[in-house]
Amino acid sequence: MEEEDDEVMVREGLMASQREIFSISGPIHLTSIDWNNSYHRTSVASCLVQAVYTLERDRQQNRIGLKSQANHWWEFFNFTLAETLIDDSDGSIYGAVFEYKHFFSYNYHHTPHSKPPPRHVIAFRGTILKPHSRSRDLKLDLRCIRDSLHDSTRFVHAIQVIQSAVAKTGNAAVWLAGHSLGAAVALLAGKIMTRSGFPLESYLFNPPFSSIPIEKLVKSEKLKHGVRFAGSLVKAGVAIAVKGRHHNKGLEDDSFMKLASWIPYLYLNPLDTICSEYIGYFKHRNKMFEIGAGKIERIATRNSLRSLLSGGGGGGSSSDSSSEPLHLLPSAYMTINSSKSPDFKRAHGIHQWWDPKFNGEYVLHQFNH
């Protein structure tokens, strides 16, 4: 009876769910962080994203004082909350700037080959389907699909906060982290900052891929390759027709090439329809080079049909490429969760990325010039 009462209270917003309580759902085994350890860095970044989710849930449920849950998600790792990012449309908390308490003492004592911690982590949550945030978040999800996230007031505010942090501390001391919609914000910001000469270490959990999820919809590997091969031929053909003069001269898309040295960390689950196509996107690119179609793919991989046909110029000919599809990425370090997820909610969730039983596949993709 007591468990049933608890479930009713959680449903009615009178208490926190277990997934919001760090002592129950967080990686409490990580009592000491080794910044050279990729699992440790991943756990910290994903927990700080969860902290933003919990900040907003604290706000929605009016959990203050001892009832609040968010602070445990950053205090455990010796971070402080430096700034809370508020969406001016609905007053929701969509992001936060966290500051590492021991940044200066760590950098004073660290050895030359050790990886330093960040001074600031700027983290962004994804969609929360609750009445106080649902409407605004779903509108921004649609913007991701339409490649117009850059025009939203949330993103404009986010990039200003990031630019301010980099101006104060330098890009080497700032990390970006985000999940789902928040990963889209972080990914777009990371591309803009890189093109401005300030690449940021970025942790992108389940980022949305704004195209047909062939990886999830088509079972046959042969058919997947056929569909993507045809798509590459069409994109390359349209790109040459639209921008043929430049391609015929062999000129590279300068804006796209500026991204080549930036290698964000992408965290993907093949059972998650929202992000799984990134796996196929990079796999297909490698396959095209293997079969000798590298020239076609070099053109296709930096363009989208939607941008080309709408006159946007594809993936990099314009000076401002913020409206291009998010997935046009030259390089990425992919972490693929090969553990079985029982349902979509788990496959798309943030909690999987600090699970100590996580079974991952790690693949580095660097753009072949």
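The following questions and answers concern a predicted model. Residues are numbered from 1 along each chain as its sequence is written. Local features need pLDDT of at least 70, side-chain atom pairs count only at pLDDT 80 or more, and totals for chains, interfaces and linings use all residues, while side-chain values use heavy atoms, with hydrogens and water left out.

Student: In what order do the 8 strands of the open sheet run?
Tutor: Strands are DSSP runs of E with at least two residues, and helices are runs of H or I with at least four, numbered from the N terminus. Two strands pair if DSSP finds at least two bridges between them. The pairing in this sheet is mixed, and β1 (79-86) and β8 are the edge strands, each pairing on one side only. The order is β1-β2-β3-β4-β5-β6-β7-β8.

Student: Is the pairing of β7 with β8 parallel or antiparallel?
Tutor: On its other side, β7 (residues 332-337) pairs with β6 (residues 265-268) in the parallel sense over 4 bridges, and L268 stands opposite I336 there. Towards β8 (residues 360-365) there are 6 bridges, with M334 and V363 as bridge partners. The sense of the β7 and β8 pairing is antiparallel.

Student: At about what angle does α8 run to β4?
Tutor: Axes are lines fitted to C-alpha atoms, for helices over the stretch in contact (heavy atoms within 4.5 Å). Angles run from 0 to 180 degrees between N-to-C directions. Helix α8 (residues 181-195) lies across β3, β4 and β5, and its angle to β4 is about 145°.

Student: Why is α3 described as largely enclosed by the rest of the structure?
Tutor: Helix α3 (residues 38-60) reaches 33 Å from its first C-alpha to its last; the expected span, 1.5 Å times one less than its number of residues, is also given as 33 Å. Buried means under 20% relative accessible area, exposed over 50%, and partly exposed in between, with a 1.4 Å probe and protein chains only. Helix α3 is largely enclosed because its buried residues number 20 of the 23.

Student: Which backbone oxygen does the side chain of H351 reach at 2.9 Å?
Tutor: H351 is found in the loop between α15 (344-348) and β8, and its 15% relative accessibility makes it buried. Leaving aside neighbours within four places in sequence, H351 is in contact with R19, S25 and Q50. The backbone oxygen reached at 2.9 Å is that of R19.

Key:
Polar contact = N/O pair within 3.5 Å; in protein donor to acceptor, adjacent residues only side chain to side chain.
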